[in-house]
Amino acid sequence: MAHSEIPGPDANHQRPDGTTDGTVEALGKLSEALEVVEHARGYLYGFHRLTGKADLNLSEAAELLRKAGHSELADTVEKDIIGRNVVEGRWTFQIVEDYDDHYYAELKALEKRARDELVEGKRHLFEAEMKEDRRTKGREHHEALPQEA
């Protein structure tokens with residue numbers, strides 16, 4: 001099946017005139033760092049959810065301990081563990097909020113500012129250029145863009 005080639009990348013993924021390789025590389029590394037932080041943030045939310053689930057499971061465990069005649073252990077679980085801070089003065093939601101507000105949001109805004117100032121806000125220029133370099137032009141499944149683009 002013949003495939004007509006759409007030249008790429010699209011205008012949103014072409015570097016503005018005068019943009020140096022060094023700028024594209026630096027923005028690519030900044031974007032990569034943001035992606036790692038996004039990944040870490042996902043783990044942080046997972047930690048938050050799992051810790052909350054564990055706290056609810058502990059309530060059930062205390063109830064079962066009590067029903068099995070182990071009231072002292074049930075009391076200890078309820079008083080010493082359930083509702084306990086996971087770090088000094090904080091539950092996981094507070095850790096997530098601090099991370100989001102004081103680290104994640106700042107890095108996300110800085111990455112956007114750098115793109116806005118240096119490349120007209122364009123995203124993934126480094127990757128778009130890598131795709132152009134690595135794909136086999138004219139070969140099916142190596143198209144620059146979807147046919148409907």
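The following questions and answers deal with helix α3 and some salt bridges in a predicted model.

Analyst: Residues are numbered from 1 along each chain as its sequence is written. In this predicted model, local features need pLDDT of at least 70 and side-chain atom pairs count only at pLDDT 80 or more, while totals for chains, interfaces and linings use all residues, and side-chain values use heavy atoms, with hydrogens and water left out.

User: Why is α3 called a helix?

Analyst: A helix is a DSSP run of H or I with at least four residues, numbered from the N terminus. Helix α3 covers residues 92-119 and has 28 residues, so the run meets the definition.

User: What makes Asp 100 a kink centre in α3?

Analyst: The bend at a residue is the angle between axes fitted to the seven residues ending there and the seven starting there. For α3 the kink is about 40°, centred on Asp 100.

User: Why is the pair Asp 116 and Lys 112 called a salt bridge?

Analyst: A salt bridge needs a side-chain nitrogen of Lys or Arg within 4 Å of a carboxyl oxygen of Asp or Glu. For Asp 116 and Lys 112 the N to O value is 2.8 Å, so the pair qualifies. The two residues are four apart in helix α3, about one helical turn.

User: How do you know whether Glu 132 is buried or exposed?

Analyst: Buried means under 20% relative accessible area, exposed over 50%, and partly exposed in between (1.4 Å probe, protein chains only). Glu 132 has 15% relative accessibility, so Glu 132 counts as buried. Lys 112, at 42%, is partly exposed.

Terms used. Expected span 1.5 Å × (residues − 1).
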